[in-house]
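Student: I'm new to this one and would like a close look at a single part, the salt bridges and what surrounds them. Could you walk me through it?

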2 protein chains.
Amino acid sequence: MNDALTLRPIGCVRTPWRQLQDCPRGVRGLGEPAWLEIDPAFEDALLGIEQASHLHVLYWLHQAPRQTLRRPTPHDGVLRGVFATRSPQRPNPIGMAVAQRLRREGARLLVSGLDCLDGTPLIDIKPYLPQADCVPGATLAWQPAAPASVPAP
Amino acid sequence: MNDALTLRPIGCVRTPWRQLQDCPRGVRGLGEPAWLEIDPAFEDALLGIEQASHLHVLYWLHQAPRQTLRRPTPHDGVLRGVFATRSPQRPNPIGMAVAQRLRREGARLLVSGLDCLDGTPLIDIKPYLPQADCVPGATLAWQPAAPASVPAP
């Protein structure tokens, strides 16, 4: 097996959520924008980012325990392995979400679609490739129903 | 800024490609299957993986230089920042692809859709969530045209 691999944060994520219990569940339809604050040492790597409407954002779930291998999935209570869920508790606590790119100000990017804690270390930014990343026929048997876009009266 | 963050490989990827120049470019439509060989210490984390038709596979691009911030995009030669491309050369060389799950044999998963080197360290496996991960309206201005599914005569 390989030696340990080391990540260097490239910046951090600024969100309105200061504690885990405040973070929304799931990432789509989230209205709150978040700032990706890139370390100025990496600003050159943003050249051309405006050509992507959406980004894959990878971040480090710094408060998540890493020993968990199985846990009940919150919406149905069924025990599943963490590689079969998007639980933040996993051997390598890398979070990943598709975010909409809204605006750039120097080394800062305003996005929407993130649900992580304020101050979360940022690991990587990749452009979303519609051809490769959007798989319309994909299925997940236990996926919870989409949240209603309009609350029931 | 945060201290360095350490990843532990959860296994490795077995593909037919032993050298970088043999790896195909791009990940969709690749016919060659690959095995994800999970370290038995993490096998419990696979419980329920069969419920996902597709997986996000995260791996460590162990041969890629990490100092590159900008480079010409291969298909058009335009200089772009690495956060605006899917170049393996990036500060944290994490590769990510959507793979179709084909079969499980104990701690091994047969998938298709990977283009990485044989022996690539495996970092994480996440189920593909169609609701959150498929964004049909996303655009990437410079995205190369899809490879033809049938070669021209």
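Student: To get my bearings before the salt bridges, what percentage of the 153 residues of chain A count as buried?

Tutor: For chain A, 55% of the 153 residues count as buried; buried means under 20% relative accessible area, exposed means over 50%, and partly exposed is in between, with a 1.4 Å probe and protein chains only. Before going on, keep in mind that this is a predicted model, where local features need pLDDT of at least 70, side-chain atom pairs count only at pLDDT 80 or more, and totals for chains, interfaces and linings use all residues. Residues are numbered from 1 along each chain as its sequence is written, chains are lettered from A and ligands numbered from 1 in the order in which they are written, and side-chain values use heavy atoms, with hydrogens and water left out.

Let's start with the frame of chain A. It has 9 strands and 1 helix, and along the sequence the pattern reads β-β-β-β-β-β-β-β-β-α. Helices (H or I, at least four residues) and strands (E, at least two) are DSSP runs, numbered from the N terminus. In chain A, 6 strands make a closed barrel in the order β2-β3-β8-β7-β4-β9, with antiparallel pairing. From one strand to the next, the twist averages 45 degrees; the axes behind that angle are lines fitted to C-alpha atoms, for helices over the stretch in contact, and angles run from 0 to 180 degrees between N-to-C directions. Two strands count as paired if DSSP finds at least two bridges between them. As an example, β2(A) and β9(A) run antiparallel and are joined by 3 bridges. Cys12(A) has Pro121(A) in β9(A) as its bridge partner.

Sequence distance matters here too. Take the contacts in chain A between residues at least 6 apart in sequence: 74% of them join residues at least 24 apart, where contact means heavy atoms within 4.5 Å.

Now for the salt bridges themselves. Side chains of opposite charge can pair when their charged atoms come close. The rule used here asks for a side-chain nitrogen of Lys or Arg within 4 Å of a carboxyl oxygen of Asp or Glu, and over all chains the structure holds 26 such salt bridges. One of them is between Glu37(A) and Arg14(A), at 3.6 Å from N to O. Glu37(A) sits in strand β3 (residues 33–38) and Arg14(A) in strand β2 (residues 11–14) of chain A, so this pair links distant parts of the chain, 23 residues apart. Both ends are partly exposed: Glu37(A) has a relative accessible area of 26%, and Arg14(A) has 34%.

Next comes Arg18(A), which forms a salt bridge with Asp118(A), their closest N and O atoms being 3.2 Å apart. Arg18(A) is in the loop between β2 and β3 of chain A, while Asp118(A) is in the loop between β8 (108–112) and β9 (120–127), so the pair ties together parts that are 100 residues apart in sequence. Arg18(A) counts as exposed, at 64% relative accessibility. Both pairs belong to a network of salt bridges that links Arg14(A), Arg18(A), Glu37(A), Arg103(A), Glu105(A), Arg108(A) and Asp118(A).

Some salt bridges cross between the chains. Arg70(B) pairs with Asp44(A), with 3.7 Å between the closest N and O atoms. Because Arg70(B) lies in strand β5 (residues 70–72) of chain B and Asp44(A) in the loop between β3 and β4 (54–60) of chain A, the pair joins two chains. Arg70(B), at 36% relative accessibility, is partly exposed, and so is Asp44(A), at 41%. Arg70(A) and Asp44(B) also meet in a salt bridge, at 3.7 Å from N to O. Across the interface of chain A and chain B the rule finds 6 salt bridges.

How much surface goes into that interface? The two chains bury about 7100 Å² between them, 61% of it on carbon and sulfur atoms; buried area is the accessible area (1.4 Å probe) that two parts lose on being put together, summed over both. Chain A brings 73 residues to the contact and chain B brings 73 residues.
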